[in-house]
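Student: I should like to understand the reasons behind the terms used for this structure. May I ask about them one at a time?

Tutor: Please do; we shall set each term against its definition.

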Amino acid sequence: MKVEDKKVVQFLYVLKDEQQQVLESTDGEPVAYLHGYNNMMAGLENALSGKVVGDKFSAELTPEDAYGKRVEGAVQRVPVKHLQSAKKWKPGMVATLETEQGTRQVTVIKMGKFMATVDSNHPFAGKILTFDLEVVDIRDASVEEITHGHAHGTGGHQH
Ligand code: ZN
């Protein structure tokens with residue numbers, strides 16, 4: 001079985017920037033996704049396509065294939081209480097921000113008592129990213145998963 005549309009794929013990854021600094025890692029906990037349903041960034045789905053269980057490989061993604069280019073001046077003032085994932089904030093920290101379009105990651109520039117100034121570029125925007133990937137499982141998606149457009153169970157969507 002290989003990675004293609006309507007398969008649920010589990011994989012491990014280590015994400016590095018151009019300086020080989022590790023930005024993120026699955027740490028032995030695979031991520032599961034439904035292939036072909038825009039659940040992963042396009043560059044990553046393309047790299048995984050056609051691979052089989054046990055394949056280990058690297059994929060280099062340009063900003064266009066990953067988190068997009070940096071937009072200069074994408075600075076916003078937001079209420080401090082909307083920043084999530086830490087209690088005390090310092091410039092340079094990455095916060096999760098609840099917006100009407102869903103959650104997004106932003107970088108704190110300046111903190112006030114009630115309002116924070118943030119850079120709304122994704123922290124990885126503008127970076128050339130390397131994913132070291134390992135495919136650990138591939139299975140057929142269930143009818144329910146295809147209807148929902150995402151993977152269920154281990155590493156996937158929990159309802
Ligand atoms: Zn679902």
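Student: What makes the five strands in the order β5-β9-β8-β7-β6 an open sheet?

Tutor: In this predicted model, the order β5-β9-β8-β7-β6 has two edge strands, β5 (75-79) and β6 (83-84), and each of them pairs on one side only. The pairing in this open sheet is antiparallel.

Student: Why are β7 and β8 called paired?

Tutor: Two strands count as paired if at least two bridges are found between them. Strand β7 (residues 94-99) and strand β8 (residues 102-111) are joined over six bridges, in the antiparallel sense, and therefore they meet the definition of a pair. One of the bridge partnerships sets leucine 97 against arginine 104 in β8.

Student: How do you know that β1 and β10 pair, and in what sense do they run?

Tutor: Between β1 and β10 there are 10 bridges, and the two strands run antiparallel. The definition asks for at least two bridges, so the pairing holds. Within it, valine 14 stands opposite aspartate 132 in β10.

Student: Which strand pairs with β10 over six bridges?

Tutor: That strand is β4, again in the antiparallel sense. Glutamate 60 has threonine 130 in β10 as its bridge partner, and serine 58 stands opposite aspartate 132 in β10. Aspartate 132 thus faces serine 58 as well as valine 14.

Student: What makes the side chains of β4 an alternating set?

Tutor: Phe57, Ala59 and Leu61 point to one face and are buried, whereas Lys56, Ser58 and Glu60 point to the other face and are not buried. In a regular strand, side chains alternate between the two faces of the sheet.

Student: Why is lysine 16 called buried?

Tutor: Lysine 16, which lies in strand β1, has a relative accessible area of 17%. The cut-off for buried is under 20%, so lysine 16 qualifies. Beyond its neighbours up to four places away in sequence, lysine 16 touches Gln21, Val22, Leu23, Ile128, Leu129, Thr130 and Asp132.

Student: How far apart are lysine 16 and threonine 130 in sequence and in space?

Tutor: They are 114 residues apart in sequence and 5.2 Å apart in space, C-alpha to C-alpha.

Student: Is threonine 130 counted as buried or exposed?

Tutor: Threonine 130, in strand β10, counts as buried, because its relative accessibility is 17% and the cut-off is under 20%. Its contacts, leaving out residues up to four places away in sequence, are Val14, Leu15, Lys16, Ser58, Ala59 and Glu60. By contrast, the C-alpha atoms of threonine 130 and histidine 152 are separated by 27 Å, although these residues are 22 residues apart along the chain.

Student: Why does glutamine 10 count as buried?

Tutor: Glutamine 10 is found in strand β1, and its relative accessibility is 15%. Since buried means under 20%, glutamine 10 meets the condition. Its contacts outside four places in sequence include Pro30, Val31, Ala32, Glu134 and Thr154.

Student: What makes a group of residues a nonpolar core, and which members of the largest one touch the most other members?

Tutor: Such a core consists of buried residues of nine listed kinds, Phe, Tyr and Leu among them, joined through side-chain atoms within 4.5 Å. The largest nonpolar core has 21 residues, and Phe11, Tyr33, Leu44, Leu48, Phe131 and Leu133 touch the most other members. Two or more residues come from each of β1 (7-16), α1 (42-48), β4 (56-61) and β10 (129-140). The strand β10 gives the most, with five residues.

Student: Which residues does phenylalanine 131 touch?

Tutor: Apart from residues up to four places away in sequence, phenylalanine 131 touches Tyr13, Val14, Leu15, Met41, Leu44, Phe57, Ser58, Ala59 and Leu61. There is also a second, separate core of 10 residues, including Val80, Leu83, Leu97 and Val106.

Student: How many helices and strands does the protein chain have, and what share of its residues is buried?

Tutor: The protein chain has two helices and 10 strands. Buried residues make up 37% of its 159 residues.

Definitions and conventions
Residues numbered from 1 in each chain as written. Predicted model: local features only at pLDDT ≥ 70, side-chain atom pairs only at ≥ 80, totals over all residues. Heavy atoms only, no water. Buried < 20%, exposed > 50% of the residue type's maximum accessible area, 1.4 Å probe, protein only. Helix = DSSP H or I, 4+ residues; strand = E, 2+ residues; numbered from the N terminus. Contact = heavy atoms within 4.5 Å.
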